[in-house]
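Please look over the sequence and the model below before reading on. The paragraphs after it go from the surface, through charged pairs, to a set of paired strands.

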Amino acid sequence: LPTSIENIGYQGFSRVGENLTLQDSELIDLNLPNLSTIGWDCFALCKCIKSITSLGSITQIPYGCFDDCSNIITVNIPSSVTSLANYVFKNVKSNCIVHFLATTPPTIPSDENTITPNTVKVYVGDGSSAANDNAILQAYLADTNWATYIGSSRLDTWYNYLHPTA
């Protein structure tokens, strides 16, 4: 997809590759640095995405946006995102990593189906320092919906991801 895309409407790329068996080398890295708006179910059931490196300056990730994108293994959520709807990352790859750059937790629905399966790991912070990322992690854990529906067992800091302990 061209990096110049600014807006994607309802179901814009929904079901792309849905019935194909794709090799890892055929999957794409989604890089949309100029994106400002994205519609419901925009990439739902899209089987050709391997990673999401940039979603531009979007502020909301709408309902079902990446629902059943079962080949996604890494996602970077820009700091501009302030809210996620239901089923945003439902049924992504079981070992998927979702990285939130926002220092303030985006609002998420009181629903366990926002980021699934439960083996998806969620990281927060920018990795610049353990103290900074830990403060951000505490803000996410203080949010009732983050604590309840994502939970401390799935949340960690980007710093810890970048600097694993032996």
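In this predicted model, three residues, Tyr10, Trp40 and Tyr63, make up a nonpolar patch on the surface. Taken together, Tyr10, Trp40 and Tyr63 have about 370 Å² of accessible area. One of them, Tyr10, sits in the loop that runs between S1 and S2. Its relative accessible area is 54%, and because the cut-off for exposed is over 50%, Tyr10 counts as exposed.

The loop between strand S1 (residues 7–8) and strand S2 (residues 28–31) also holds Asp24, which brings us to the charged residues. Side chains of opposite charge can pair when their charged atoms come close. How many salt bridges does the count come to? The count is two.

One salt bridge joins Arg15 and Glu18, with 2.7 Å between the closest N and O atoms. Both partners are in the class between buried and exposed: Arg15 is partly exposed at 46% relative accessibility, and Glu18 is partly exposed with a relative accessible area of 26%.

The other salt bridge is formed by Lys50 and Asp24, whose closest N and O atoms are 3.4 Å apart. Which parts of the chain does this pair tie together? Lys50 belongs to strand S4 (residues 49–54), while Asp24 is in the loop between S1 and S2, so the salt bridge links parts that lie 26 residues apart in sequence. Lys50 is partly exposed, at 24% relative accessible area. Asp24 is partly exposed as well, with 47% relative accessibility.

The next topic is strand S8, which spans residues 97–100. Are the residues on its two faces buried or exposed? On one side Ile97 and His99 are buried, and on the other side Val98 and Phe100 are buried, so both faces of the strand are covered. The cut-off behind the word buried is a relative accessible area under 20%.

Strand S8 also has strands paired with it. Strand S6, residues 74–77, pairs with S8 in the parallel sense over four bridges. Within this pairing, Ile77 is found opposite Phe100 of S8. Strand S9, residues 121–124, likewise pairs with S8 in the parallel sense, again over four bridges. Here Val98 has Val122 of S9 as its bridge partner. Phe100 and Val98, the residues named in these two pairings, are the buried residues on one side of S8.

How values were computed:
Residues are numbered from 1 along each chain as its sequence is written. This is a predicted model: local features need pLDDT of at least 70, side-chain atom pairs count only at pLDDT 80 or more; totals for chains, interfaces and linings use all residues. Side-chain values use heavy atoms; hydrogens and water are left out. Buried means under 20% relative accessible area, exposed over 50%, partly exposed in between (1.4 Å probe, protein chains only). Two strands pair if DSSP finds at least two bridges between them. A salt bridge is a side-chain nitrogen of Lys or Arg within 4 Å of a carboxyl oxygen of Asp or Glu. Patches are made of residues with over 30% relative accessible area and no salt bridge: like charges are joined within 9 Å, nonpolar side chains (Val, Leu, Ile, Met, Phe, Trp, Tyr) within 5 Å. Accessible areas come from the Shrake-Rupley method with a 1.4 Å probe; for residues, only the protein chains shown count as cover.
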